[in-house]
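Here are some exercises to work through with the structure open beside you. Try each task before you read its solution.

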Amino acid sequence: DLNDIAPGDGSCLAVDDTCTLRAAIEETNALAGADTINLPAGTYPGGFKITDSLTVLGSREGASIVDGNNQGIVIFIGDSGGRWPTALGPIRVALHFLTIQHGRRYYHYPQHWAAAGIHNYGQRVLISHCIIRENTGIDGATAIGNDTGHMEIVHSIIINNGTDDPD
């Protein structure tokens, strides 16, 4: 999964002349204003940080999969900047018709309860027609985390998530 070669230039382009999901998110993060990514059916690596308003629209429920490969948070929304959010931020994110799977938390970042699947840090988030499954967290947080943000989850399935807590 390759990065965008010039985030903010208005073109999603990785070094191999493709537009990867990572490159698309980097491009939208660098551009002011709301953007939309239409994600075809397939499996895509996770590990993204969304820092600007964005809609990600999968092709249909269960067909567009974002897989964390048990390597960390699949989707992190917002930018902690080392601070605790005191009010809702300006970012609005909508995730539709996606499967978010195989997030895994091994460490405490940025707060010890950050979730492995989707973690929202002080922003407005809508999750609809998504499947959030098989994410493993620590300290009791697994599939979804929401710090001082607003999160609405509709018509979605949250299944088979757990923790590696030793207690």
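**Exercise 1.** How do the residues of the lining of the largest cavity divide into nonpolar, polar and charged?

*Solution.* Before we start, a word on the model: it is predicted, so local features need pLDDT of at least 70 and side-chain atom pairs count only at pLDDT 80 or more, while totals for chains, interfaces and linings use all residues. Residues are numbered from 1 along each chain as its sequence is written, and side-chain values use heavy atoms, with hydrogens and water left out.

Step 1: get the idea of a cavity. Rolling a probe the size of a water molecule over the atoms shows where empty space is left. Here a cavity is a set of points, on a 1 Å grid over the protein atoms alone, where a 1.4 Å probe fits but cannot get out; lining residues have an atom within 4 Å of a point. Grid points are joined across faces, edges and corners, and the volume is the space filled by probe spheres set on the points.

Step 2: count. There is one cavity of 30 Å³ or more, and the largest cavity holds about 50 Å³ of space.

Step 3: list the lining, which is L21, I25, L39, F48, V56, V66, I75 and L98.

Step 4: sort it. Ala, Val, Leu, Ile, Met, Phe, Trp, Tyr, Cys and Pro count as nonpolar, Asp, Glu, Lys and Arg as charged, and the others, Gly among them, as polar. That gives eight nonpolar, no polar and no charged.

**Exercise 2.** Is helix 1 largely enclosed or left open by the rest of the structure?

*Solution.* Step 1: take stock of the elements. The protein has one helix and 16 strands; helices (H or I, at least four residues) and strands (E, at least two) are DSSP runs, numbered from the N terminus.

Step 2: check burial. Buried means under 20% relative accessible area, exposed over 50%, and partly exposed in between, with a 1.4 Å probe and protein chains only. Across the protein, buried residues make up 46% of the 167 residues. In helix 1, the buried ones are L21, R22, A23, A24, I25, E27 and T28.

Step 3: conclude. Seven of the ten residues of helix 1 are buried, so the helix is largely enclosed by the rest of the structure.

Step 4: find the partners. The buried residues of helix 1 pack against strand 1, strand 2 (42–45), strand 3, strand 4 and strand 5 (64–67).

**Exercise 3.** Which residues touch the most other members of the largest nonpolar core?

*Solution.* Step 1: fix the term. A nonpolar core is a set of buried Ala, Val, Leu, Ile, Met, Phe, Trp, Tyr and Cys residues joined through side-chain atoms within 4.5 Å.

Step 2: pick out the hubs. The largest core has 26 residues, and L21, L95, I100 and I127 touch the most other members. Among the elements that each supply at least two residues are helix 1 (21–30), strand 1 (35–39) and strand 10 (124–128). Helix 1 gives the largest share, three residues.

Step 3: zoom in on L21. Skipping residues up to four places away in sequence, L21 touches D1, I37, L39, Y44, F48 and V66; contact means heavy atoms within 4.5 Å.

**Exercise 4.** Why do F76 and Y121 count as a stacked pair?

*Solution.* Step 1: recall the rule. Rings of Phe, Tyr and Trp (its six-membered ring) pair if their centres lie within 6.5 Å; planes under 30 degrees apart count as stacked, over 60 as edge-to-face and the rest as tilted. The rule gives one aromatic pair.

Step 2: apply it. The ring centres of F76 and Y121 are 6.2 Å apart and the planes sit at 25 degrees, so the pair is stacked.

Step 3: place it. F76 lies in strand 6 and Y121 in strand 9 (residues 118–121), so the pair ties together parts that are 45 residues apart in sequence. Both F76 and Y121 are buried.

**Exercise 5.** Is D52 buried or exposed, and what is its relative accessibility?

*Solution.* Step 1: find D52 in the loop between strand 3 and strand 4.

Step 2: read the value. At 15% relative accessibility, D52 counts as buried.

Step 3: look around. D52 and N29 are 23 residues apart in sequence, yet 5.0 Å apart in space, C-alpha to C-alpha. Leaving aside neighbours within four places in sequence, the contacts of D52 include T28, L31, I91 and V93.

Methods:
1 Å grid on protein atoms, 1.4 Å probe; cavity = no way out; pocket = protein on both sides within 12 Å on 5 of 7 lines; lining within 4 Å.
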